[in-house]
Amino acid sequence: MTTTLLTIIIVLFVAVAIWQLIKIFDLAQVGASNTQIADDKDNKLNGYLMMGFLAFIYIITILCFWYLGDLPLMSNSASEHGPGIDSLMAISMVVIFIVQTVTQFLLHYFAFKYRGEKGRKALFYADNNTLEAIWTGIPVIVLAGLIIYGLFTWNDIMNVDDQEDPLVVELYAQQFNWKARYGGQDNVLGKANVRLIDLDRANILGVDEGDLNAQDDVIVTELHLPVNRPVLFKMRSQDVLHSAYMPHFRAQMNCVPGMVTQFGFTPTVTTAEMRETEAIKDKVLNINKIRTEKSKELTSNGEEALEPYEFDYLLICNKICGKSHYNMQMKIIVETEEEYNAWMAEQTTFAKSLN
């Protein structure tokens with residue numbers, strides 16, 4: 001409270017100081033020309049400033065590409081459809097960059113070239129059908145191409161073929177954690193409804209206890225997926241709007257209260273394999289360097305040191321769903337079919353988990 005009050009006081013003092021400086025500046029201009037009409041000198045200055053700002057935009061763009069151009073989430077996808085999403089993103093970025101470069105140049109250059117000059121009359125077109133056709137037609141064609149490409153990509157992702165025997169998994173969102181429910185031996189999820197939640201019976205997801213398909217369902221807090229097998233996710237929310245986001249799998253779908261949404265993908269890279277990639281190794285090394293330095297400060301104050309970071313796939317919430325939204329995540333482990341089956345054999349079925 002004291003810090004906040006002190007900050008407010010400092011901001012007020014700074015505002016008062018700026019106000020006083022402006023008054024002093026205005027008093028110093030007494031006797032100088034105070035016309036509001038721009039002359040040739042003003043127009044020339046503004047023209048050069050426009051070109052200077054254009055150079056600034058280009059320099060910032062080049063620096064961003066140079067220092068921030070490494071986009072790891074456009075190069076390390078771990079799902080079958082991931083490369084298609086990355087290609088769509090890359091094409092969109094290239095188109096946006098070209099359009100931005102050309103339009104910004106024309107905007108600033110024309111402001112410089114056709115700046116106001118005494119005695120020069122502006123040329124005015126009531127209309128120009130050719131120009132209007134060009135600046136309307138080109139965006140329509142480009143955007144139509146991107147939209148159609150995106151629709152085909154989306155359809156390829158969302159059309160999960162039941163003949164491929166996808167693993168059916170429910171992702172259950174609630175403030176502020178995730179639960180996963182597997183269909184068990186029959187790979188069929190039992191019916192569920194939030195009105196059936198019974199904490200006294202440990203029925204935390206509202207699964208219908210009388211549904212035969214629900215008896216072998218498995219509820220867990222850590223998501224395991226077999227590599228190279230299609231997975232069909234059914235998603236529910238208990239309270240507010242959440243969004244199931246799995247960045248490395250290029251997957252995201254809203255979890256809407258009162259309805260079931262779905263998303264499907266095929267994981268192609270196991271957790272162990274992803275940990276051995278050079279990009280992830282560099283990331284882990286960098287994070288652990290930061291944690292080591294931070295731990296020195298913590299231990300000097302008598303606090304516990306930070307644990308070393310190890311890469312894991314994550315399911316996170318991508319909707320601001322409340323005060324602990326930032327911490328709403330669940331670990332995803334992609335493993336071989338044999339490892340997955342061994343893990344699943346150790347889990348307790350829904351029927352056996354009830355009190």
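Reader: Is Glu222 buried, partly exposed or exposed?

Author: Happy to start there, with the reminder that this is a predicted model. Buried would call for under 20% relative accessible area and exposed for over 50%. Glu222 has a relative accessible area of 25%, so the residue counts as partly exposed.

Reader: Which residue forms a salt bridge with Glu222, with the closest N and O atoms 3.8 Å apart?

Author: Glu222 lies in the loop between β3 and β4, and the other residue of the pair lies in strand β10, so parts that are 109 residues apart in sequence are tied together. The closest N and O atoms of the pair are 3.8 Å apart. The partner is partly exposed, with a relative accessible area of 33%. Glu222 forms this salt bridge with Lys331.

Reader: Which Asp side chain also meets Lys331 in a salt bridge?

Author: The N to O distance here is 3.8 Å. The Asp lies in the loop between α6 (278-300) and β9 while Lys331 is in strand β10, so the pair ties together parts that are 19 residues apart in sequence. At 15% relative accessibility, the Asp counts as buried. The side chain that meets Lys331 is that of Asp312.

Reader: Which residues are linked with Lys331 in a network of salt bridges?

Author: Two of them have come up already: Glu222 and Asp312. The network also takes in Arg275 and Glu310. Together with Lys331, the linked residues are Glu222, Arg275, Glu310 and Asp312.

Reader: How many salt bridges does a search of the whole structure find?

Author: Another example joins the side chains of Asp165 and Arg229, at 3.5 Å from N to O. Asp165 sits in the loop between α4 (129-158) and β1, and Arg229 in the loop between β4 and β5 (231-237), 64 residues apart. Asp165 is partly exposed, with a relative accessible area of 45%, whereas Arg229 counts as buried at 18%. Across the whole structure, the number of salt bridges found is 13.

Reader: Which strands stand at the edges of the open sheet with the order β4-β10-β9-β6-β7?

Author: This sheet has 5 strands with mixed pairing. An edge strand has a single partner, so one side of it is left without a neighbour in the sheet. Neighbouring strands are turned by 20° against each other on average, direction ignored. The edge strands are β4 (223-226) and β7 (251-255).

Reader: Which residue of β7 stands opposite Tyr245?

Author: Strand β6 (residues 242-246) and β7 pair in the antiparallel sense over 5 bridges. Elsewhere in this pairing, Ala244 stands opposite Met253. On the β9 side, Tyr245 stands opposite Ile316. In β7, the residue opposite Tyr245 is Gln252.

Reader: Why is β6 described as largely enclosed by the rest of the structure?

Author: Strand β6 pairs with β7 over 5 bridges, and 2 bridges join β6 to the antiparallel strand β9 (residues 313-317). A residue counts as buried under 20% relative accessible area. β6 is largely enclosed because its buried residues number 4 of the 5.

Reader: Which residue takes a positive phi in the hairpin of β6 and β7?

Author: The hairpin has 4 residues between the strands. The phi in question is near 50°, and the residue that takes it is Arg250.

Reader: What is the strand order of the sheet that has β3 and β8 at its edges?

Author: Both β3 (218-220) and β8 (261-265) have a single partner strand, so one side of each is without a neighbour in the sheet. The twist averages 25° from one strand to the next. Within this sheet, β1 (residues 167-174) and β2 (residues 177-182) pair in the antiparallel sense over 6 bridges, with Ala173 opposite Trp178. The order is β3-β2-β1-β5-β8.

Reader: Which helix lies across β1, β2 and β3?

Author: The helix runs at about 100° to β2. It covers residues 337-345 and also lies across β4 and β10 (329-335), at about 140° to β4. The helix is α7.

Reader: Which helix gives the most to the nonpolar surface patch?

Author: The patch is about 870 Å², and among its residues are Phe65, Val94, Leu106 and Tyr114. Leu106 counts as partly exposed at 36% relative accessibility, and this residue is found in the helix you ask about. With 7 residues in the patch, the helix that gives the most is α3 (residues 82-113).

Note on methods:
Residues are numbered from 1 along each chain as its sequence is written. This is a predicted model: local features need pLDDT of at least 70, side-chain atom pairs count only at pLDDT 80 or more; totals for chains, interfaces and linings use all residues. Side-chain values use heavy atoms; hydrogens and water are left out. Two strands pair if DSSP finds at least two bridges between them. Axes are lines fitted to C-alpha atoms, for helices over the stretch in contact, and angles run from 0 to 180 degrees between N-to-C directions. Contact means heavy atoms within 4.5 Å. Patches are made of residues with over 30% relative accessible area and no salt bridge: like charges are joined within 9 Å, nonpolar side chains (Val, Leu, Ile, Met, Phe, Trp, Tyr) within 5 Å. Accessible areas come from the Shrake-Rupley method with a 1.4 Å probe; for residues, only the protein chains shown count as cover. A salt bridge is a side-chain nitrogen of Lys or Arg within 4 Å of a carboxyl oxygen of Asp or Glu. Buried means under 20% relative accessible area, exposed over 50%, partly exposed in between (1.4 Å probe, protein chains only).
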